Amino acid sequence: EGLARRAAAGAAALDEAGRSALMDGVLAGKEADSRCLHASEGQTCVSTNQWIYCSNHKRLSASTTDCESRGGHMSLCRHDGVGLSHDYCDDPFCRNGGARH
């Protein structure tokens with residue numbers, strides 16, 4: 001069950017907005033970014049609620065992706081995804097059941 005949930009979360013991480021941001025980055029080209037120096041290929045959390053896309057140790061995304069604007073209030077950047085979405089914005093409702101927050 002845990003693997004299936006993580007796979008679904010990873011797939012959801014590249015929704016329409018994510019694909020659009022990724023395409024913008026591809027067209028802009030890769031930029032040197034110290035946050036990607038030791039990062040693996042794919043989405044990389046750079047704070048508790050933001051990620052960038054790193055490719056070949058350079059930043060491919062045009063800017064950071066903000067989890068709250070993408071996944072809702074209190075969405076956090078998680079490190080337990082799979083594949084290129086190894087880091088992703090979680091769904092705060094799934095994390096806390098919508099309890100009192």
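**Figure 1. Cys54 of strand S2 stands opposite Arg59 of strand S3 in this predicted model**. Strands S2 and S3, the latter spanning residues 58-59, run antiparallel and are joined by two bridges. The two strands form a hairpin with two residues between them. Asn56, which lies in the turn, has a positive phi of about 55°.

**Figure 2. Strand S2 pairs with strands S1 and S4.** Strand S1 covers residues 42-47 and runs antiparallel to S2, with five bridges joining the two. Within this pairing, Thr44 has Ile52 of S2 as its bridge partner. S1 and S2 form a hairpin, and two residues lie between them. The pairing of S2 with strand S4, residues 65-66, is also antiparallel and extends over two bridges. Here Gln50 has Asp66 of S4 as its bridge partner. S2 itself, residues 50-55, is mostly covered, with five of its six residues buried.

**Figure 3. The side chain of Gln43 meets the backbone of Asp87.** Gln43 belongs to strand S1. The relative accessible area of Gln43 is 0%, so this residue is classed as buried. A polar atom of the Gln43 side chain lies 2.6 Å from the backbone oxygen of Asp87.

**Figure 4. A disulfide joins Cys36 to Cys54.** The structure holds three disulfides, and in this one the sulfur atoms are 2.0 Å apart. The torsion about the S-S bond is about -70°, which means that the disulfide of Cys36 and Cys54 is left-handed. Cys36 is located in the loop between helix H2 (16-28) and S1, whereas Cys54 is in strand S2; the pair therefore ties together parts that are 18 residues apart in sequence. Cys36 is buried, because its relative accessible area is 0%. Cys54 likewise counts as buried, at 1% relative accessibility.

**Figure 5. A disulfide joins Cys45 to Cys77.** The S to S distance in this link is 1.9 Å. The bond between Cys45 and Cys77 is left-handed, with -90° about the S-S bond. Since Cys45 lies in strand S1 and Cys77 in strand S5 (residues 77-78), the pair ties together parts that are 32 residues apart in sequence. Cys45 has a relative accessible area of 13% and is therefore buried. Cys77 has a relative accessibility of 9%, so Cys77 also counts as buried. Beyond residues up to four places away in sequence, the contacts of Cys77 include Ser47, Thr48, Asn49 and Gln50. Asp87 and Tyr88 are also among the residues that Cys77 touches.

**Figure 6. A disulfide joins Cys67 to Cys89.** The sulfur atoms of this pair are separated by 2.2 Å. With a torsion of about -75° about the S-S bond, the disulfide of Cys67 and Cys89 is left-handed. Cys67 lies in helix H3 (residues 67-71) and Cys89 in strand S6 (residues 88-89), so the pair ties together parts that are 22 residues apart in sequence. Cys67 counts as buried because its relative accessibility is 0%. Cys89 is buried as well, with a relative accessible area of 13%.

**Figure 7. The disulfides of the protein follow the pattern 1-3, 2-5, 4-6.** The numbers in this pattern refer to bonded cysteines counted along the chain. Cys94 has a relative accessible area of 65% and is therefore exposed.

**Figure 8. The largest nonpolar core has seven residues.** Four of its members are cysteines, namely Cys45, Cys67, Cys77 and Cys89. Trp51, Tyr53 and Leu60 complete the set. The cysteines of this core take part in two disulfides, one between Cys45 and Cys77 and the other between Cys67 and Cys89. Cys77 touches Cys45, Trp51 and Cys67, among other residues. In soluble globular proteins, nonpolar side chains tend to be buried together.

Note on methods
Residues numbered from 1 in each chain as written. Predicted model: local features only at pLDDT ≥ 70, side-chain atom pairs only at ≥ 80, totals over all residues. Heavy atoms only, no water. Buried < 20%, exposed > 50% of the residue type's maximum accessible area, 1.4 Å probe, protein only. Helix = DSSP H or I, 4+ residues; strand = E, 2+ residues; numbered from the N terminus. Pairing = 2+ DSSP bridges. Polar contact = N/O pair within 3.5 Å; in protein donor to acceptor, adjacent residues only side chain to side chain. Disulfide = S-S within 2.5 Å. Core = buried A, V, L, I, M, F, W, Y, C linked by side-chain atoms within 4.5 Å. Contact = heavy atoms within 4.5 Å.
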